[in-house]
Amino acid sequence: MYSFDSRIRYSECDSQARLTLAALMNYFQDASTFQSEILGVGGEYLQENNLVWVLSSWQIVVDRYPRLCEEVEIGTFPYAFRGCFGYRNFFMRTKEGETLAQANSLWTLLHLREQTMAHPTEKMKQAYALSQRLPMEYADRKIAIPDEGVREEPILVKKHHLDTNHHVNNVQFAEMAMESLPEDFAIRQIRAEYKAQAHLGDELIPYVARDAGRCTVSLQSPEGKPYAVVEFTR
(Lines give C-alpha, C1' and ligand atoms only; values in the text may rest on other atoms or scores of the structure.)
Protein backbone atom coordinates (compact mmCIF):
# COMPACT_ATOMS: atom_id res chain seq x y z
CA MET A 1 0.00 0.00 0.00
CA TYR A 2 1.09 3.55 -0.68
CA SER A 3 -0.24 6.65 1.10
CA PHE A 4 0.60 10.31 1.54
CA ASP A 5 -0.66 13.10 3.79
CA SER A 6 -2.16 16.38 2.67
CA ARG A 7 -4.22 19.34 3.83
CA ILE A 8 -7.28 20.47 1.91
CA ARG A 9 -6.39 23.59 -0.05
CA TYR A 10 -8.57 26.57 -0.90
CA SER A 11 -8.05 25.86 -4.60
CA GLU A 12 -9.60 22.40 -4.11
CA CYS A 13 -12.81 23.59 -2.45
CA ASP A 14 -16.30 24.51 -3.59
CA SER A 15 -18.36 27.51 -2.50
CA GLN A 16 -19.08 25.76 0.81
CA ALA A 17 -15.34 25.33 1.57
CA ARG A 18 -15.54 21.58 1.03
CA LEU A 19 -13.34 19.41 -1.19
CA THR A 20 -14.82 19.03 -4.67
CA LEU A 21 -15.38 15.62 -6.23
CA ALA A 22 -12.98 16.50 -9.04
CA ALA A 23 -10.26 17.35 -6.51
CA LEU A 24 -10.89 14.05 -4.71
CA MET A 25 -10.49 12.19 -8.01
CA ASN A 26 -7.26 14.07 -8.68
CA TYR A 27 -5.94 13.05 -5.26
CA PHE A 28 -6.65 9.41 -6.09
CA GLN A 29 -5.08 9.72 -9.53
CA ASP A 30 -2.00 11.35 -8.01
CA ALA A 31 -1.68 8.58 -5.40
CA SER A 32 -1.45 5.83 -8.00
CA THR A 33 1.02 7.93 -10.02
CA PHE A 34 3.20 8.55 -6.97
CA GLN A 35 3.24 4.85 -6.11
CA SER A 36 4.21 3.81 -9.63
CA GLU A 37 7.00 6.38 -9.80
CA ILE A 38 8.42 5.34 -6.42
CA LEU A 39 8.38 1.68 -7.47
CA GLY A 40 10.23 2.43 -10.71
CA VAL A 41 7.36 1.46 -13.02
CA GLY A 42 5.99 4.94 -13.67
CA GLY A 43 5.84 7.15 -16.74
CA GLU A 44 9.44 6.80 -17.88
CA TYR A 45 9.43 3.02 -17.52
CA LEU A 46 6.11 2.74 -19.37
CA GLN A 47 7.30 4.97 -22.19
CA GLU A 48 10.54 3.00 -22.59
CA ASN A 49 8.49 -0.19 -22.88
CA ASN A 50 5.82 1.25 -25.21
CA LEU A 51 3.13 0.81 -22.55
CA VAL A 52 0.38 2.91 -21.00
CA TRP A 53 -2.23 2.26 -18.31
CA VAL A 54 -5.67 3.53 -19.36
CA LEU A 55 -8.47 3.91 -16.81
CA SER A 56 -11.49 1.85 -17.85
CA SER A 57 -13.87 2.50 -14.96
CA TRP A 58 -14.28 4.26 -11.62
CA GLN A 59 -16.55 3.70 -8.66
CA ILE A 60 -16.11 6.29 -5.91
CA VAL A 61 -18.25 6.38 -2.77
CA VAL A 62 -18.10 9.49 -0.60
CA ASP A 63 -19.08 9.39 3.07
CA ARG A 64 -18.08 12.99 3.75
CA TYR A 65 -16.32 15.76 1.84
CA PRO A 66 -13.51 17.16 4.00
CA ARG A 67 -13.39 20.89 4.71
CA LEU A 68 -10.81 23.57 4.01
CA CYS A 69 -7.52 23.00 5.91
CA GLU A 70 -8.59 19.55 7.17
CA GLU A 71 -5.68 17.12 7.31
CA VAL A 72 -6.18 13.91 5.34
CA GLU A 73 -4.40 10.74 4.27
CA ILE A 74 -4.79 9.45 0.72
CA GLY A 75 -3.90 5.85 -0.08
CA THR A 76 -4.02 3.26 -2.83
CA PHE A 77 -3.04 -0.30 -3.66
CA PRO A 78 -3.62 -2.83 -6.45
CA TYR A 79 -5.49 -5.97 -5.42
CA ALA A 80 -5.48 -8.05 -8.61
CA PHE A 81 -3.98 -8.48 -12.07
CA ARG A 82 -6.05 -10.46 -14.57
CA GLY A 83 -4.66 -10.68 -18.05
CA CYS A 84 -4.35 -7.14 -19.39
CA PHE A 85 -6.34 -5.63 -16.51
CA GLY A 86 -5.30 -4.18 -13.18
CA TYR A 87 -7.68 -3.64 -10.25
CA ARG A 88 -6.94 -0.88 -7.74
CA ASN A 89 -8.54 0.52 -4.58
CA PHE A 90 -8.22 4.03 -3.18
CA PHE A 91 -9.19 5.70 0.07
CA MET A 92 -9.16 9.07 1.78
CA ARG A 93 -9.40 9.30 5.56
CA THR A 94 -8.81 11.78 8.35
CA LYS A 95 -5.79 11.75 10.64
CA GLU A 96 -8.10 10.22 13.25
CA GLY A 97 -8.95 7.30 10.94
CA GLU A 98 -12.43 8.37 9.77
CA THR A 99 -13.08 7.08 6.24
CA LEU A 100 -14.06 9.96 3.99
CA ALA A 101 -14.16 8.20 0.62
CA GLN A 102 -13.35 4.83 -0.96
CA ALA A 103 -12.95 3.85 -4.59
CA ASN A 104 -12.58 0.91 -6.90
CA SER A 105 -11.04 1.17 -10.34
CA LEU A 106 -10.22 -0.96 -13.36
CA TRP A 107 -7.22 -0.19 -15.56
CA THR A 108 -6.25 -1.61 -18.96
CA LEU A 109 -2.63 -1.93 -20.05
CA LEU A 110 -2.06 -1.03 -23.71
CA HIS A 111 0.82 -0.97 -26.16
CA LEU A 112 1.14 2.78 -26.55
CA ARG A 113 1.73 3.10 -30.30
CA GLU A 114 -0.38 0.14 -31.44
CA GLN A 115 -3.20 0.76 -28.92
CA THR A 116 -3.54 -3.01 -28.44
CA MET A 117 -3.84 -4.80 -25.12
CA ALA A 118 -0.69 -5.83 -23.26
CA HIS A 119 0.14 -7.99 -20.24
CA PRO A 120 2.03 -6.53 -17.27
CA THR A 121 5.78 -7.17 -17.38
CA GLU A 122 7.47 -9.29 -14.74
CA LYS A 123 9.01 -6.15 -13.26
CA MET A 124 5.57 -4.62 -12.86
CA LYS A 125 4.16 -7.76 -11.23
CA GLN A 126 7.06 -7.88 -8.79
CA ALA A 127 6.93 -4.15 -8.01
CA TYR A 128 3.27 -4.00 -7.01
CA ALA A 129 2.47 -5.80 -3.77
CA LEU A 130 -1.15 -6.96 -3.96
CA SER A 131 -3.38 -6.32 -0.94
CA GLN A 132 -6.82 -7.54 0.06
CA ARG A 133 -9.47 -5.34 -1.50
CA LEU A 134 -11.40 -2.81 0.56
CA PRO A 135 -14.63 -3.97 2.24
CA MET A 136 -16.92 -1.73 0.20
CA GLU A 137 -20.05 -2.51 -1.81
CA TYR A 138 -18.79 -3.12 -5.34
CA ALA A 139 -21.00 -1.99 -8.21
CA ASP A 140 -21.03 -3.33 -11.75
CA ARG A 141 -18.50 -1.46 -13.87
CA LYS A 142 -20.89 -1.44 -16.85
CA ILE A 143 -23.29 1.52 -16.96
CA ALA A 144 -26.43 1.43 -19.09
CA ILE A 145 -26.58 4.26 -21.63
CA PRO A 146 -29.92 6.11 -21.31
CA ASP A 147 -32.31 5.34 -24.15
CA GLU A 148 -33.98 8.75 -24.13
CA GLY A 149 -31.46 11.17 -22.69
CA VAL A 150 -31.96 14.90 -23.16
CA ARG A 151 -29.40 16.38 -25.56
CA GLU A 152 -27.45 19.30 -24.12
CA GLU A 153 -24.94 21.79 -25.52
CA PRO A 154 -21.88 20.22 -27.22
CA ILE A 155 -18.46 20.47 -25.55
CA LEU A 156 -15.36 21.09 -27.66
CA VAL A 157 -12.19 19.39 -26.40
CA LYS A 158 -9.54 22.04 -25.70
CA LYS A 159 -5.91 21.91 -24.60
CA HIS A 160 -6.66 22.13 -20.88
CA HIS A 161 -8.72 18.91 -21.09
CA LEU A 162 -5.69 16.82 -22.15
CA ASP A 163 -3.20 14.89 -20.03
CA THR A 164 0.29 13.52 -20.76
CA ASN A 165 -1.23 10.83 -23.00
CA HIS A 166 -2.64 13.64 -25.19
CA HIS A 167 -6.25 12.59 -24.67
CA VAL A 168 -9.03 13.84 -22.39
CA ASN A 169 -8.19 12.98 -18.79
CA ASN A 170 -10.69 10.84 -16.87
CA VAL A 171 -11.34 13.62 -14.33
CA GLN A 172 -12.04 16.07 -17.15
CA PHE A 173 -14.72 13.70 -18.50
CA ALA A 174 -16.29 13.63 -15.03
CA GLU A 175 -16.20 17.42 -14.73
CA MET A 176 -17.89 17.76 -18.12
CA ALA A 177 -20.63 15.41 -16.96
CA MET A 178 -21.03 17.28 -13.65
CA GLU A 179 -22.09 20.38 -15.54
CA SER A 180 -25.40 18.59 -16.24
CA LEU A 181 -26.22 18.05 -12.55
CA PRO A 182 -28.99 20.04 -10.82
CA GLU A 183 -27.66 22.77 -8.53
CA ASP A 184 -28.69 20.99 -5.31
CA PHE A 185 -27.42 17.51 -6.32
CA ALA A 186 -25.11 16.25 -3.53
CA ILE A 187 -22.98 13.44 -4.99
CA ARG A 188 -22.74 10.34 -2.82
CA GLN A 189 -21.37 8.04 -5.53
CA ILE A 190 -19.93 8.38 -8.99
CA ARG A 191 -19.48 5.55 -11.47
CA ALA A 192 -17.71 6.22 -14.74
CA GLU A 193 -17.11 3.92 -17.68
CA TYR A 194 -14.59 5.09 -20.27
CA LYS A 195 -15.25 3.69 -23.73
CA ALA A 196 -13.10 5.70 -26.18
CA GLN A 197 -10.35 8.30 -26.16
CA ALA A 198 -11.22 11.89 -27.02
CA HIS A 199 -8.61 14.21 -28.48
CA LEU A 200 -8.05 17.89 -29.15
CA GLY A 201 -10.81 19.33 -31.32
CA ASP A 202 -13.28 16.47 -30.81
CA GLU A 203 -16.89 17.41 -30.09
CA LEU A 204 -18.63 15.72 -27.17
CA ILE A 205 -22.41 15.85 -26.91
CA PRO A 206 -23.96 15.17 -23.47
CA TYR A 207 -27.14 13.09 -23.33
CA VAL A 208 -28.61 13.31 -19.85
CA ALA A 209 -31.18 11.16 -18.02
CA ARG A 210 -32.35 12.32 -14.59
CA ASP A 211 -34.55 10.85 -11.89
CA ALA A 212 -35.03 11.58 -8.19
CA GLY A 213 -31.82 9.98 -6.96
CA ARG A 214 -29.64 9.51 -10.04
CA CYS A 215 -28.28 11.40 -13.03
CA THR A 216 -26.62 9.58 -15.92
CA VAL A 217 -24.64 11.44 -18.57
CA SER A 218 -23.45 9.87 -21.81
CA LEU A 219 -20.78 11.93 -23.57
CA GLN A 220 -21.02 11.01 -27.27
CA SER A 221 -19.57 11.94 -30.62
CA PRO A 222 -21.86 13.62 -33.20
CA GLU A 223 -22.18 10.15 -34.79
CA GLY A 224 -23.46 8.67 -31.51
CA LYS A 225 -20.28 6.90 -30.40
CA PRO A 226 -19.98 7.05 -26.58
CA TYR A 227 -16.70 8.34 -25.18
CA ALA A 228 -17.69 8.05 -21.51
CA VAL A 229 -20.79 7.25 -19.47
CA VAL A 230 -20.95 8.80 -16.00
CA GLU A 231 -23.56 8.01 -13.35
CA PHE A 232 -24.05 10.18 -10.26
CA THR A 233 -26.07 9.01 -7.25
CA ARG A 234 -27.32 11.32 -4.51
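Glutamine 220 stands opposite proline 226 in strand E11, and that pair is a good place to start our walk. The model is predicted, so to speak of local features a pLDDT of at least 70 is needed, side-chain atom pairs count only at pLDDT 80 or more, and totals for chains, interfaces and linings use all residues. Residues are numbered from 1 along each chain as its sequence is written, and side-chain values use heavy atoms, with hydrogens and water left out.

Strands and helices carry labels such as E11 and H4: they are DSSP runs, numbered from the N terminus, with at least four residues for a helix (H or I) and at least two for a strand (E). Two strands pair if DSSP finds at least two bridges between them. Strand E10 (residues 214-220) runs antiparallel to E11, and 7 bridges join the two. They also make a hairpin with 5 residues between the strands, where glycine 224 takes a positive phi near 95 degrees. Strand E8 (residues 189-194) is likewise antiparallel to E11, joined to it by 6 bridges, and here glutamate 193 stands opposite valine 229. E11 itself (residues 226-233) is mostly covered, with 8 of its 8 residues buried. Buried means under 20% relative accessible area, exposed means over 50%, and partly exposed lies in between (1.4 Å probe, protein chains only).

Now move to strand E5 (residues 99-111). Because 11 of its 13 residues are buried, E5 is largely enclosed by the rest of the structure. Strand E2 (residues 51-62) runs antiparallel to E5 with 11 bridges, and strand E4 (residues 85-94) pairs with E5 in the antiparallel sense over 9 bridges. Which residues stand opposite serine 105 in E5? Tryptophan 58 does so, and arginine 88 is also a bridge partner of serine 105. E4 and E5 form a hairpin with 4 residues between them, and glycine 97 in the turn has a positive phi of about 100 degrees.

Threonine 94 sits in strand E4. It counts as buried because its relative accessibility is 4%. Leaving aside neighbours within four places in sequence, threonine 94 is in contact (heavy atoms within 4.5 Å) with Arg64, Glu70, Glu71 and Leu100.

A helix comes next. Serine 32 lies in helix H1 and, at 7% relative accessibility, counts as buried. Not counting residues up to four places away in sequence, serine 32 touches Thr76, Arg88, Phe90 and Trp107. Its side chain also reaches the backbone oxygen of glutamine 29 at 2.9 Å. That is a polar contact, a pair of N or O atoms within 3.5 Å; within protein, one must be able to donate a hydrogen and the other to accept it, and residues adjacent in sequence count only if both atoms are side-chain atoms.

Helix H4 (170-178) is mostly covered too, with 8 of its 9 residues buried; among them are Phe173, Met176 and Met178. At the N-terminal end of H4, asparagine 169 acts as a cap, with a side-chain oxygen 2.9 Å from the backbone nitrogen of valine 171.

Next, the open spaces. On a 1 Å grid over the protein atoms alone, a pocket is an open set of points with protein on both sides within 12 Å along at least five of seven lines, and lining residues have an atom within 4 Å of a point. The largest pocket has a volume of about 1200 Å³. It is lined by 45 residues, of which Val52, Trp53, Val54, Trp107 and Asn165 lie nearest its centre. Elements that give two or more residues to this lining include H1, E2, E4, E5 and H4.

The second largest pocket holds about 660 Å³ of space. Of its 18 lining residues, Asp14, Met178, Glu183, Phe185 and Ile187 are the closest to its centre. H1 and H4 are the elements that give two or more residues to the lining of this second pocket.

Finally, two loop residues deserve a look. Most residues other than glycine have a negative phi. Alanine 17, in the loop between strand E1 (2-7) and H1, has a positive phi of about 65 degrees although it is not a glycine. Glutamine 115, found in the loop between E5 and helix H3 (122-127), has a positive phi of about 55 degrees. Alanine 17 counts as partly exposed at 23% relative accessibility, and glutamine 115 counts as partly exposed at 36%.

Definitions and conventions. On a 1 Å grid over the protein atoms alone, a cavity is a set of points where a 1.4 Å probe fits but cannot get out, and a pocket is an open set with protein on both sides within 12 Å along at least five of seven lines; lining residues have an atom within 4 Å of a point. Grid points are joined across faces, edges and corners, and a volume is the space filled by probe spheres set on the points.
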